[in-house]
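Me: I've got a model open and a few things I'd like to talk through. Can you take a look with me?

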Amino acid sequence: MPVADYRIYCEMLDRARDGRFAYPGINVTSLTTANAVLKGLAESRSDGIIQISTGGAAFASGSSVKDMVLGAISIAEHVHRLAERYPIYVALHTDHCQADKLDKYVIPLVEETERRRASGLPNLFSSHMFDGSALPLHANLDLAEKLLKRFHLNDLILEIECGVVGGEEDGVKASGAAKLYTTPEDTLEVARRLNEIEGARYLLAATFGNVHGVYKPGHVKLKPSILRDCQEAVEKKYGKDALFYLVFHGGSGSSLDEIHAALDYGVVKMNIDTDTQYAFTRAIADHMFKNYDGVLKVDAEVGNKKTYDPRSYLTSAEASMCDRVKQATVNLRSAAKTLFKT
Ligand SMILES: [Zn+2]
């Protein structure tokens with residue numbers, strides 16, 4: 001199927017919130033990782049979200065060009081072409097973009113979508129994240145409001161963050177004093193400011209102790225009940241229609257109980273990066289250790305071309321990442337729920 005259009009994407013998110021499940025939002029950095037996600041989603045009969053971080057996008061453009069806009073466009077175009085061959089819907093998203101990077105990443109990508117729309121082509125991306133969590137809330141929401149108005153004109157969905165996800169992502173580290181737990185007051189302010197923009201759609205990454213990267217069990221104190229408190233407060237003040245569509249960042253190492261609690265409280269997208277990175281690399285490590293004498297030219301030997309052809313280990317890596325994607329769709333209860341009808 002083609003990449004989900006705005007109508008389908010909205011329907012996906014509504015069904016997830018009503019049905020207490022979430023879509024995996026999986027970071028990719030290459031054609032192979034994007035293919036692994038499409039394969040995993042299709043084999044699970046789950047819709048999903050493919051996303052690209054600023055660092056991943058720069059990587060995708062090659063180490064001498066290092067142009068994150070070009071890298072993101074390149075992966076997005078690949079996904080637009082390949083998605084046609086899979087019987088599921090996928091949305092295209094860009095991950096964390098801090099305020100100082102908006103003009104270098106999200107805005108040029110929105111302009112690209114605007115150009116495409118003007119000539120009758122579909123949007124390039126379906127949604128973008130603006131991460132203003134390092135700013136005071138009012139400054140975060142000033143920028144979010146401006147973006148959301150422009151996004152709404154272009155059938156784009158905005159993801160924002162309120163409260164700070166701990167840990168480190170793409171070299172951006174949360175400070176020790178960061179606010180790891182958001183409050184109902186903060187999220188009420190989000191609703192007050194953003195729900196003013198009639199009909200516009202946004203996703204909210206509200207933090208409840210989550211951290212980027214992987215931690216040993218017990219290291220992270222997740223409090224999904226914070227999400228419930230935020231939803232209850234917003235429903236009480238603005239009614240059922242104002243319930244948030246929440247995003248779960250930094251979920252590696254969370255227990256299934258914690259994940260399911262988050263789904264019950266309105267998480268509709270869970271970001272997955274660390275776990276799929278590991279799955280990809282795990283298969284490559286296995287290949288290298290098992291084929292040591294083949295991938296290397298040891299003692300003046302010639303090695304084994306079959307084992308050092310990158311396709312051999314990248315095919316295993318694709319399969320391993322695909323399996324991890326399938327596991328995510330089961331954990332998030334999105335498996336077998338695609339909106340696509342064959
Ligand atoms: Zn994140």
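Me: Leaving aside its neighbours within four places in sequence, which residues is Val190 in contact with?
Reply: This is a predicted model, so pairs are read from computed coordinates. Skip the stretch within four places in sequence and Val190 still has contacts. They are Leu141, Ile160, Cys162, Asn195, Tyr202, Leu204 and Phe244.

Me: Which helix gives the largest share of the largest nonpolar core?
Reply: That core has 78 residues, and Tyr105, Leu158 and Val190 touch the most other members. A separate core of 20 residues includes Met12, Leu13, Val268 and Leu339. Back in the largest core, eight residues make up the largest share, and they come from helix H4 (residues 68-83).

Me: How many disulfides does the count come to?
Reply: A pair needs its sulfur atoms within 2.5 Å. Cys97 is buried, at 0% relative accessible area, and its sulfur is too far for a bond because the closest cysteine sulfur, in Cys162, is 18 Å away. By that rule the count of disulfides is zero.

Me: Which residues are the protein donors of the zinc ion?
Reply: Along the chain, the donors follow the spacing H-x115-H-x36-H. His96 sits in the loop between strand S3 (90-94) and helix H5 (106-118), while His212, 116 residues apart from it, sits in the loop between strand S8 (202-206) and helix H8 (225-238). His96 is buried at 7% relative accessible area, and His212 counts as buried at 8%. Lying 1.9 to 2.1 Å from the zinc ion, the protein donors are His96 (NE2), His212 (NE2) and His249 (ND1).

Key:
Residues numbered from 1 in each chain as written. Predicted model: local features only at pLDDT ≥ 70, side-chain atom pairs only at ≥ 80, totals over all residues. Heavy atoms only, no water. Donors = N, O, S within 2.8 Å, 3.2 Å for Na, K, Ca; no water. Helix = DSSP H or I, 4+ residues; strand = E, 2+ residues; numbered from the N terminus. Buried < 20%, exposed > 50% of the residue type's maximum accessible area, 1.4 Å probe, protein only. Core = buried A, V, L, I, M, F, W, Y, C linked by side-chain atoms within 4.5 Å. Contact = heavy atoms within 4.5 Å.
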